[in-house]
Every structure is written in C-alpha cells, then in structure tokens.
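Visitor: I'm new to this structure and would like a close look at one part of it. Could you pick a helix, show me how it sits, and then lead me outward from there?

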Amino acid sequence: MKVAIGQIDAWANQAPTLGMKAGIFQKHGIVLETFGTQGAGETLQAVISGSADIGIGIGTAGAMRAFARGAPVRAIAAAYVGVGDQYWYVPANSPLKSLADATEKHTLSYSTNGSTSHVIALGFGKQLGVKAKPTATGGPPATYTMTMTGQIDIGWAVVPFGLLELQDGKIRVVARGPDVPTLRNQTIRVQIVNANALKDRKDVMVRFMRGYRESIDWMYSNPLAVKYYAETIKLPESLVVMQRDQYNPKEALSPDRLSDIDQVMADAVEMKFLDAPLSKAQLADFFQIPAPGS
C-alpha cells in the first residue's frame, strides 16, 4: 500500500513508519510504501489522484471540503485531537513579542491550503484578531530557512522540529495552536483513504487499521520507538520523550476519538472551507473507521 504523509517527521504521523520498522504491519500481511509531502494539500491530491491509497495527517476541514466537492476520499481514522503539537515562532532578534504586535505588513506562515496549520493561521485572524497575512511556506525545514532569512516574519512548526533551536535561544515561540479557543478539543486531523481503494480492498484497509492501532500502542509503550525515532530525526532520546509526553499525549492520537465534530464544521464554514455543515448522511459516508477488533 502507498501511504502519503504530510510532515513525515512529526511524531503524530509516525505510526506507518515506526510500525513498519517494528514489523507490526507485516504481521498483518501488509507492506507500506511511505513518502512525504509538504502538507495536507499535497497529501490530499495524492489520495484523490490514486497515487496514494492512504493519506496521513489531513486537516479534517480540508478533507471534508474535498469530500463535499465530490472527491473520492473518506476518513479511515481520527488522527489528532487538539492542536497542541503546532507552534509559531520568530527569530530571537525579531521586534515581534507576540502575534498581537503583527500588522498587515507582516506575514504568518502555514504549510499548505487545507492543512491544520492553515486552519490555525486562519483562526488566529478570525478569533484573535491577528492582522498578519497568512502565507503558505511548505514544511518546517523550508519555513525555518525563510523565517531566519527574513522572507517570512512568523514561522510555523510541528514538534519536535525546532525544539533544539528553541533551547539554544535562536527562536522564540509567539503562539501555539491551542491559543485558538475552538480548536482545543476538535478532531483536527484525520487519516484518509481513496474511496475506490477502500471499496476494492476493504479487507486490506481493515488490516491496515489493526496494524495502525497496534503501532500507536507500541509507540507509547516500547522504548525502541523512541530510539528509532531519535535516530531518524537526529535528536536526543530525552527530547523525543519530552515532546511525546508534553506535546503529543497518546489520547490525542486515538484513531477512534471523534471529538467536537459539530464545531469542526462550524469553524470550517466560518473559514470558508465548507459552504454548509455536512448532513448526518454525509458524515456517515465520510467517516469509514473500521471498528476496533474488526
């Protein structure tokens, strides 16, 4: 199975990668071919076109928008509740002390249209009155370069990216995702599947979810998960444990936790991702999460 992953190095998106390394998916008769994208917008397009069977880390509002417009996508799992793993920063010498200091002349980054960072960036403006212009900058590495060279005023990142720079005093955090009140308890991201692949290979998708749930459990119980991840992203294991426990609690990654969906849709309408909330029938069609134990 081909799996597209927005922000492939983020801990919250590691179940396919670490699960493969641990041999979990293979145990369920599945081999995953994973590849990274610059964000949810690119991941959505890969799934819609069929170049990927599954997409990891898609903003729920963006996935709903694609579904409402007839795209062949369904949500196969919840991905993340809340927005505690994302933050916005400035270089240490920036005159900006908070988002409230930003004017219309400043730029505020997010990854790609329809991503979680996009929803948060719009929320800063809609709910907090932030005046900076939201600007797509791609993934955290490219965004960091643009921010530190003055091409963008306020950069975005998802932990653990940038934690070393933060510790070394190179950057300052000026905002975090939970600063947007309505986003704190939402199922803000989902894992999506190509609808045709789901129809034609339903048994495979059910087995994928068995492996996915088992991988999440393993990531929070086996120290090898921390070791493998630390080796991949070249960070100390202590920092990996810190970001996992402080920014990415296990309950946030539960694949079966659908939280505050009505508010997800209300915000999506306000931010013009959706023309109207999905109906009960549409929601039942959109969420195709195999039951645990199936």
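Guide: Let's start with one helix, α6, and then walk outward from it. Keep in mind that this is a predicted model.

Helix α6 covers residues 140-148, and its buried residues are P140, T143, Y144 and T147. Looking down the axis of α6, you'd find these buried residues within an arc of 105 degrees, so they line one face of the helix. There's a simple rule behind patterns like that: an α-helix has 3.6 residues a turn, so residues three or four places apart point the same way. What covers the buried residues of α6? The cover includes the strands β5 (86-91), β6 (107-110), β8 (155-158) and β9 (171-176), along with helix α7 (163-167). After α6 comes G150, with a positive phi near 85 degrees.

Now follow T147 out of the helix. T147 is one of the residues touched by I154, and so are W88, Y89, V90, L96, L99, A102, T107, L108, S109 and V174, leaving out residues up to four places away in sequence. I154 also turns up in the largest nonpolar core, which has 99 residues. I154 is among those with the most contacts inside that core, and the others are W11, M64, W88, F124, F208 and M219. Helix α9 (residues 202-219) gives the most to this core, with eight residues. As a general background, nonpolar side chains tend to be buried together in soluble globular proteins.

L96, which we just met as a contact of I154, is also in contact with H106. H106 is found in the loop between β5 and β6. Is H106 buried or exposed? Its relative accessibility is 18%, so H106 counts as buried. Besides L96, H106 is in contact with D101, A132, K133 and D153, leaving aside neighbours within four places in sequence.

Back to helix α9 for a moment, where R213 has its place. R213 has 14% relative accessibility and therefore counts as buried. Which residues is R213 in contact with, setting aside neighbours within four places in sequence? They are P255, D256, I289, P290, A291 and P292.

Helix α9 also helps cover another helix, α11: the cover over the buried residues of α11 includes β4, α7, β9, α9 and α10 (223-233). You've seen α7 and β9 already, as part of what covers α6. Helix α11 spans residues 237-247, and its buried residues are L239, V240, Q243, R244 and Y247. Down the axis of α11, the buried residues fall within an arc of 135 degrees, so here too they line one face of the helix. The face turned away from that buried side carries the exposed residues S238 and Q246.

One last stop, by way of M64 from the core. M64 belongs to helix α4, where T60, A61 and M64 meet I261, V264, M265 and A268 of helix α12. By class, this contact has six nonpolar, one polar and no charged residues. The axes of α4 (residues 60-68) and α12 (residues 261-270) come within 10 Å and cross at roughly 75 degrees, and the two helices are therefore roughly perpendicular to each other. Helix α4 is also part of what covers the buried residues of helix α3, namely A40, G41, T43, L44, A46 and V47.

Methods
Residues are numbered from 1 along each chain as its sequence is written. This is a predicted model: local features need pLDDT of at least 70, side-chain atom pairs count only at pLDDT 80 or more; totals for chains, interfaces and linings use all residues. Side-chain values use heavy atoms; hydrogens and water are left out. Buried means under 20% relative accessible area, exposed over 50%, partly exposed in between (1.4 Å probe, protein chains only). Helices (H or I, at least four residues) and strands (E, at least two) are DSSP runs, numbered from the N terminus. The arc is that of the directions from the helix axis to the C-beta atoms. Contact means heavy atoms within 4.5 Å. Axes are lines fitted to C-alpha atoms, for helices over the stretch in contact, and angles run from 0 to 180 degrees between N-to-C directions. Angles under 35 degrees count as roughly parallel, over 145 as roughly antiparallel, 65 to 115 as roughly perpendicular and the rest as oblique. Ala, Val, Leu, Ile, Met, Phe, Trp, Tyr, Cys and Pro count as nonpolar, Asp, Glu, Lys and Arg as charged, and the others, Gly among them, as polar. A nonpolar core is a set of buried Ala, Val, Leu, Ile, Met, Phe, Trp, Tyr and Cys residues joined through side-chain atoms within 4.5 Å.
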